[in-house]
Amino acid sequence: METHGGLSSREPLCASTHCDPRTAELLWSSGSFAETWPHYGYSSGSDLELVVREEFARVRGITYLDHAGTTLFAESQINGFFQDLCGNVYAVVYFLHPKGNPHSHNPSSRLTHDTVERVRYRILQHFNTNPDSYTVVFTSGCTAALKLVAECFPWQHRGHFSYLTDNHTSVVGMRGLATRMGATALPVTPEEVEGRAGECVNPKNHEIPHLFCFPAQSNFSGRKYPVWHVRGVQAGKLYPSCAWGGRWFVLLDAAGLASCSPLDLQETPADFVSISFYKMFGFPTGIGALLVRNTAAAVLSKSYFGGGTAAAYLAGEDFFIPKPTIADRFEDGTISFLDIVAVHHGFDTLQRLTGGMERVQLHTFGLARHTFVMLSCLRHGNGQPVAQVYSHTEYEDPSTQGAIVNFNLLDAQGTVVGYSWVGKLASLFNIQLRTGCFCNTGACQQHLSMSNQQVKSNLQAGHVCGDDIDMIDGQPTGSVRVSFGYMSTFQDCQMLLRFVVNCFVHKPVKIDEARLDKLRSASRGQSCSTSPQNPSTFDSTNPQNLSTVNCIGHYRPSTLSPSLQSPCTVDYISPQKPSAVDPKSPQRIQEGPHSFPVAVNVDSPLWRTKNRTLSRIFLYPIKSCAAMEVDHWPLGPLGLQYDRLWMVVNINGVCMSQKQEPRLCLIKPTVHWASRELHLYAPGLKPVSVPLEGCGQQSPAIQLCQSKVCGDRVQIVDCGDSAANWLSEFLEKPCRLIRQNPCFTRGMRRAQEKEPEEPAAALSLANEAQYLIINTASVEVLQKRIMSRQGPDAQTFDIQQLISRFRANLVINGAEAFEEDDWGQVQIGNSVFQVVGQCERCHMIGIDQDTGARTLEPLLSLSACHKGKVTFGVYLVHRTTRNMCNSSALCVGCPVNPQLSTDVSSR
């Protein structure tokens with residue numbers, strides 16, 4: 001392993017991508033990166049990776065790339081805060097008059113007051129200002145700071161609330177309050193601010209107050225807006241202030257910028273500045289601040305007054321005098337003083353580990369720049385780019401670009417790969433990134449070229465913020481965002497690029513060496529340039545500019561060459577995009593040499609005479625733990641008897657699954673009828689047991705309580721300390737075993753057709769339905785598809801391994817592949833079941849149920865052959881009547897007789 005000033009490179013990365021030595025050095029070597037960006041890390045000779053191992057051990061094995069959402073806190077930061085709380089007594093602060101007697105208040109209140117004031121000063125110092133110029137008003141977060149301005153600003157007729165379209169939702173939401181008070185909402189594009197600049201219409205008219213808000217850094221693309229825009233708008237020299245006379249105030253949303261960059265309020269004297277502390281150092285999360293310029297404070301006026309804000313008031317008369325200081329007037333009630341104490345430790349840790357925000361800016365920008373450069377220069381085997389990066393710069397200068405890279409991946413024909421699919425595959429690699437529109441619809445529209453009407457049409461088609469509908473009518477509804485924090489490493493970049501290479505690139509892959517040299521030389525040997533460069537146009541179709549390598553690519557729409565008529569035959573999987581318009585479309589299979597059957601031939605005599613049988617029965621007593629296979633088993637009112645009646649929860653009572661803790665699959669629960677106990681087995685531990693009925697020794701702290709399963713609130717009972725200690729020892733983290741309360745009935749969300757006398761189906765702790773059934777023939781087709789691919793996983797899947805990954809209750813033999821998708825009802829033995837939908841698959845099927853290891857397959861091959869949602873298997877509900885007993889059972893070898901759904905039989 002080679003090291004360059006704290007950088008290290010992984011040898012397996014080169015081997016896994018089959019790069020020749022020169023290409024491997026070009027793409028993956030830390031030396032190559034250090035040569036073009038010497039500002040990695042925070043001091044000469046320091047080992048950043050050692051700091052990460054000591055301070056951020058909890059993210060070992062995880063590539064965390066969502067620092068623009070929430071950055072990570074350091075272990076020493078929390079330890080320092082904990083020791084502070086254990087060594088001091090902090091209490092509610094009562095009003096301390098600046099000229100009052102310091103000995104007239106109890107010591108704990110005085111300590112709290114002094115600490116809070118010290119933290120206020122520390123915040124101002126961080127932004128290069130002082131209490132003579134600004135006042136810190138603590139809020140519950142950045143959004144609360146913005147809302148405070150919206151509620152207190154003197155909106156009036158002829159006044160304007162103007163905001164950059166590249167703003168967070170919380171800024172745009174201010175217009176509701178502004179327009180209600182008579183002001184006009186005026187959205188402004190980034191190009192208009194300077195493009196429509198001119199002399200002020202009426203520079204002497206200061207009677208009409210206006211407010212302009214813009215982000216110091218876009219949370220979508222990382223674009224940094226010029227700091228001189230603050231003075232330009234205040235002086236009436238830039239649009240919109242040049243077009244409307246009055247006094248223009250500027251609200252600067254600095255939450256994104258402050259996370260990785262310095263902000264000098266002497267150079268940028270915004271009237272109001274909103275900040276978020278958890279974006280800077282991860283903790284605490286319940287505190288933010290509004291920095292109010294003292295000369296602008298008088299414009300803000302409150303109607304409501306809460307505890308601590310009044311100097312005097314009368315209950316029987318409309319008489320109120322606010323406290324004299326700005327902070328005291330606007331901080332209603334008891335401030336979150338312990339969180340403010342935690343802010344102090346956050347600043348201390350940030351300074352101690354990094355040496356200051358200038359170094360953080362250079363370090364994080366270098367990582368973002370490297371990621372951009374590699375995405376920008378990599379190509380598919382046919383010369384087409386693999387990524388469309390959304391940015392206004394080419395990452396030449398950290399003063400114009402932040403540590404964010406926003407992009408969509410493309411297949412070899414130039415079609416966008418849906419962000420939801422990218423996110424699912426990233427989870428298999430333990431890569432945590434962000435997808436969607438990031439609460440910034442304006443920037444999303446601009447970069448993805450979406451009109452207002454398209455956004456409205458997408459809503460009518462079923463797409464809302466935060467869902468996984470990533471493509472509508474062939475157009476993306478969002479994108480992928482990666483962002484870096486002060487503890488991010490070069491290895492994080494490597495893991496992201498390796499993920500893209502392994503999952504989304506046609507072989508052989510090519511690199512645009514001419515562009516690579518140009519981008520790398522733009523800032524070679526220098527920290528930054530003085531101004532942003534204009535993006536250059538590059539001809540990606542010129543074969544002289546390409547060399548073969550296992551990598552990825554980037555394009556700007558103006559340089560994208562037409563799709564080739566005969567694309568290369570490769571092992572790359574190009575998933576089809578889900579359609580929100582008709583999610584139940586029967587045309588769900590992609591045609592091709594390895595595609596699955598499109599539909600069942602209902603007129604085939606072979607289909608009608610198939611000898612279908614139930615071949616295997618599985619139950620999962622503990623949700624997300626190993627299966628228990630049986631030859632026959634009774635049916636209960638919730639599904640197979642004792643199926644998913646228990647689950648493991650973390651210290652906060654939240655359900656744990658294999659997605660977060662893959663080693664759950666190694667815990668093997670077994671039902672023992674004779675002893676009426678559930679026995680738990682795991683490698684290296686003696687078995688432990690709990691009663692099948694009741695919960696044995698209940699914890700005195702947690703008995704009857706509530707949890708959530710797939711959004712449903714369920715009543716649960718704790719199974720006692722013995723099982724909890726056993727699970728905690730094996731999983732190496734505090735957790736408990738809980739059981740669904742037998743007196744609680746959980747309804748099913750999925751639509752169910754039933755007779756009037758038929759009771760509504762009830763569920764255990766299963767996700768969607770009582771039963772999940774899969775077809776061996778479908779598994780065999782999928783296995784052949786996996787084996788047809790080239791790659792390290794291709795030879796590792798037998799039928800048994802695939803069946804275990806889909807975690808079905810029932811497995812059938814003798815059916816045609818994928819005919820189960822067209823069933824409406826099925827009789828198994830003497831029991832009748834209704835099909836209530838297909839099982840949508842996530843990255844959990846990428847977990848080997850024998851070892852807990854993660855693999856790309858079978859999700860990769862399964863998704864390649866589907867249009868719409870990636871599904872495999874169907875959900876069943878047992879059809880019963882109120883007069884029927886629940887003593888029926890299923891046995892291996894039972895005949896299986898399906899009926900087609902009405903939609904299929906009518907075709």
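**Ring pairs and salt bridges in a predicted model**

Q: Is aspartate 848 buried or exposed?
A: In this predicted model, the relative accessibility of aspartate 848 is 14%. The cut-off for burial is under 20% relative accessible area, so aspartate 848 counts as buried.

Q: Which side chain meets that of aspartate 848 in a salt bridge?
A: Aspartate 848 lies in the loop between strand 39 (831–840) and helix 25 (859–864), and its partner belongs to helix 24 (residues 799–806), so the pair ties together parts that are 43 residues apart in sequence. The partner is itself buried, with a relative accessible area of 5%. The two side chains meet at 4.0 Å, N to O, and the partner of aspartate 848 is arginine 805.

Q: How many residues apart in sequence are the parts that arginine 379 and aspartate 512 tie together?
A: The side chains of arginine 379 and aspartate 512 meet in a salt bridge of 3.7 Å, N to O. Arginine 379 lies in strand 13 (residues 378–379), whereas aspartate 512 lies in strand 21 (residues 510–512), so the parts that this pair ties together are separated in sequence by 133 residues.

Q: Are arginine 110 and aspartate 114 separated by about one helical turn, or by what other spacing, and which helix holds them?
A: The side chains of arginine 110 and aspartate 114 form a salt bridge of 3.5 Å, N to O. Arginine 110 is partly exposed at a relative accessible area of 23%, and aspartate 114 is also partly exposed, at 39%. Because they are four residues apart, about one helical turn separates them, and the helix that holds both is helix 6 (residues 107–126).

Q: What is the angle between the planes of phenylalanine 81 and phenylalanine 283?
A: A pair of aromatic rings is described by the distance of the centres and the angle of the planes. Phenylalanine 81 is in helix 5 (residues 75–87) and phenylalanine 283 is in the loop between helix 12 (278–281) and strand 10 (288–293), so that the pair links parts of the chain 202 residues apart. The centres are 5.7 Å apart, and the pair is tilted, with an angle between the planes of 50°.

Q: Which ring does the charged end of arginine 58 sit over?
A: The charged end of arginine 58 is 3.9 Å from the centre of the ring. A charge counts as sitting over a ring when it is within 6 Å of the ring centre and within 35 degrees of the ring normal, and the ring beneath arginine 58 is that of phenylalanine 73.

Technical notes: Residues are numbered from 1 along each chain as its sequence is written. This is a predicted model: local features need pLDDT of at least 70, side-chain atom pairs count only at pLDDT 80 or more; totals for chains, interfaces and linings use all residues. Side-chain values use heavy atoms; hydrogens and water are left out. Rings of Phe, Tyr and Trp (its six-membered ring) pair if their centres lie within 6.5 Å; planes under 30 degrees apart count as stacked, over 60 as edge-to-face and the rest as tilted. Helices (H or I, at least four residues) and strands (E, at least two) are DSSP runs, numbered from the N terminus. Buried means under 20% relative accessible area, exposed over 50%, partly exposed in between (1.4 Å probe, protein chains only).
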